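Subject: Structure handover and what was found in it

Dear colleague,

I am passing on to you the structure we talked about, with the sequence beside it. Please open it before reading on, and keep it in view while you go through the notes.

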Amino acid sequence: MGKSRDGHLARARKRLAGVAESSGRERGALAVVLKGTLAATLAWAASYYLIPSPAPAFAPFTALMMVQATVYQSVVQSLSYVLAVVLGIALQAVLAVLAGPDIVTFALVSAAALVIGRWHMLRDQRKQVATAAFFAFSVYVGASGLEQRLLELGQIVLVVLAGCAIGVAVNLTVFPPLRLRGARYAVQTLAETLRRLCEEIGQGLREGDLDESSTSDWMRRTREVESITRQARAAVAMARESTYFNPRKLLHPIRGPGYDGYDQIIDSLERITHQVTSLTRSLVRWREDDRSDPYRSFLVRCGEFLGRASEAMGILEELNPEHLARQSEEFRSVVRRARRLEEGLEETGGEQGAVPLGDPWRPYPVLLIEASRLMDELEGLDDLLAHHRGTRPT
């Protein structure tokens, strides 16, 4: 038994040590648990021993709410929460004093609290108006005498204020959340998705593998990229918000593109997604009996161009502020090779001469136009990376 217990303890210590050294999701989860425990304990102690309150659980409940978000959200949500609770308690007190603590008054309190809870200024704390009113009503009914009842309602307000203050203070001073890696990871995920898609479409064009199953699958995946783009924008917005009022940003200065740069990268990748969607749609609409194409060399060159675009996405997929100078040089080299391929597209013909750009049933004009637009986006990204590494493109 002793050896077994020692083995379990050793594994637990090893696990905790690994989590402490990690910079990923496990470490963040551990920080939330520790902060929540500390905030709830301090809030309970304050409400139970110092105030004391007839509803001490309000304090740890409130404190826990304040440590679940960014520091900025802690401040904003605490103000909204206090306002909602004060409105709920004040509403109950006024109606109970005027009409008495009976079932009719409770119905009036409920209706009024639900109406006030629709006020947009309360943000995510709208439901707390009714919650606070119900708790206040139960306390009011249980107390004897008007003075005692009002005193206990005031103590509830003090408990809520204490819980908010303790929760915000703990969130501000103990591992305040700073989601810098989340923004970069979101951009990398979007770039990875586009890299795979450009790579497969390029391979299909080079090898002539343009059957309906392949093109339909590419079209479906372009729609999935739109969802990933929205997630990337939300991650960057959350990361930017996490720096507001956050003292950790002084110890972890933002390097590389930064949040504005990440937004610009996402903008470019979103436009590239539209261009890939457009050229994929042209392949989907291409008649099956027309794919024995005498202009294979044009399609092959388009495939090679998309291959270069996928290489550029691959560099963004590994984007790291620590290696931005090297990655920027690699990106520029890939973009220059892509430009040479794109410039020769219009002159690329086939067995029957020049590519028929006026034929609406064939994908050539769309491929040519979208390749030009995609090239512009790649060069814009090249300028952006060069700017944020501290040099200008030559």
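What follows is a walk through the findings, from the whole chain down to single residues.

Please keep in mind from the start that this is a predicted model, and that confidence varies along it. The chain averages a pLDDT of 83, and 85% of the residues score at least 70. Confidence is highest in helix H5, which covers residues 103-116 and has a mean of 93, whereas the lowest mean, 50, belongs to helix H1 at residues 2-21. Over residues 14-24 the pLDDT is below 50, and this stretch has 7 contacts in the model beyond near neighbours in sequence, so please read that part with care.

As for the overall build, the chain holds 13 helices and 0 strands, and if you follow the elements from the N terminus onward you will meet α at every step. Of the 394 residues in the chain, 45% are buried. If you take the contacts with a separation of 6 or more, 79% of them are accounted for by residues 24 or more positions apart.

Next, the inside of the protein. How many cavities of 30 Å³ or more does a search of the whole structure find? The search finds 1, and the volume of the largest cavity is about 40 Å³. Its lining is made up of Leu-279, Cys-302, Phe-305, Leu-306, Leu-367 and Ala-371. The elements that give two or more residues to this lining are helix H11 (296-317) and helix H13 (364-388), and H11 gives the most, with 3 residues. By character, the lining of the largest cavity divides into 6 nonpolar residues, with no polar and no charged ones.

Ala-371 also serves as a landmark for another residue, Gln-275, which sits in helix H10 (residues 258-284). Gln-275 and Ala-371 are 96 residues apart in sequence, and yet their C-alpha atoms are 7.9 Å apart in space. Not counting residues up to four places away in sequence, Gln-275 touches Glu-370, Arg-373, Leu-374 and Glu-377. Is Gln-275 buried or exposed? Its relative accessibility is 8%, and because buried means under 20%, Gln-275 counts as buried.

A second glutamine can be read in the same manner. Gln-77 has its place in helix H4 (residues 71-99), and with a relative accessible area of 10% it is buried. Once its neighbours within four places in sequence are left aside, Gln-77 is in contact with Met-66, Asp-124 and Gln-125.

Two cysteines deserve a look as well. Cys-164 is buried, with a relative accessible area of 5%, and Cys-198 also counts as buried, at 1% relative accessibility. The structure as a whole holds 0 disulfides.

Then there are two residues in loops. Arg-123 lies in the loop between H5 and helix H6 (127-142), and although Arg-123 is not a glycine, it has a positive phi of about 55°. The reason to point this out is that most residues other than glycine have a negative phi. Leu-210 is found in the loop between helix H8 (180-207) and helix H9 (212-241). Which class does Leu-210 fall into, buried or exposed? Leu-210 is buried, because its relative accessible area of 6% is under 20%. The C-alpha atoms of Leu-210 and Val-284 are separated by 8.5 Å, while the two residues are 74 residues apart along the chain.

Finally, please turn to Phe-134, which is found in helix H6. At 34% relative accessibility Phe-134 counts as partly exposed, because that value falls between the limits of 20% and 50%. Leaving aside its neighbours within four places in sequence, Phe-134 is in contact with Phe-106 and Ser-110. Phe-134 and Ser-110 are 24 residues apart in sequence, and the distance between them, C-alpha to C-alpha, is 7.7 Å.

To go over this yourself, you might begin with the residues that line the largest cavity, including Phe-305 and Leu-367, and then move to Gln-275 in helix H10.

With best wishes,
A colleague

Technical notes
Residues numbered from 1 in each chain as written. Predicted model: local features only at pLDDT ≥ 70, side-chain atom pairs only at ≥ 80, totals over all residues. Heavy atoms only, no water. 1 Å grid on protein atoms, 1.4 Å probe; cavity = no way out; pocket = protein on both sides within 12 Å on 5 of 7 lines; lining within 4 Å. Points joined across faces, edges and corners; volume = space filled by probe spheres on them. Helix = DSSP H or I, 4+ residues; strand = E, 2+ residues; numbered from the N terminus. Nonpolar A, V, L, I, M, F, W, Y, C, P; charged D, E, K, R; others polar. pLDDT = per-residue confidence, 0-100. Contact = heavy atoms within 4.5 Å. Disulfide = S-S within 2.5 Å. Buried < 20%, exposed > 50% of the residue type's maximum accessible area, 1.4 Å probe, protein only.
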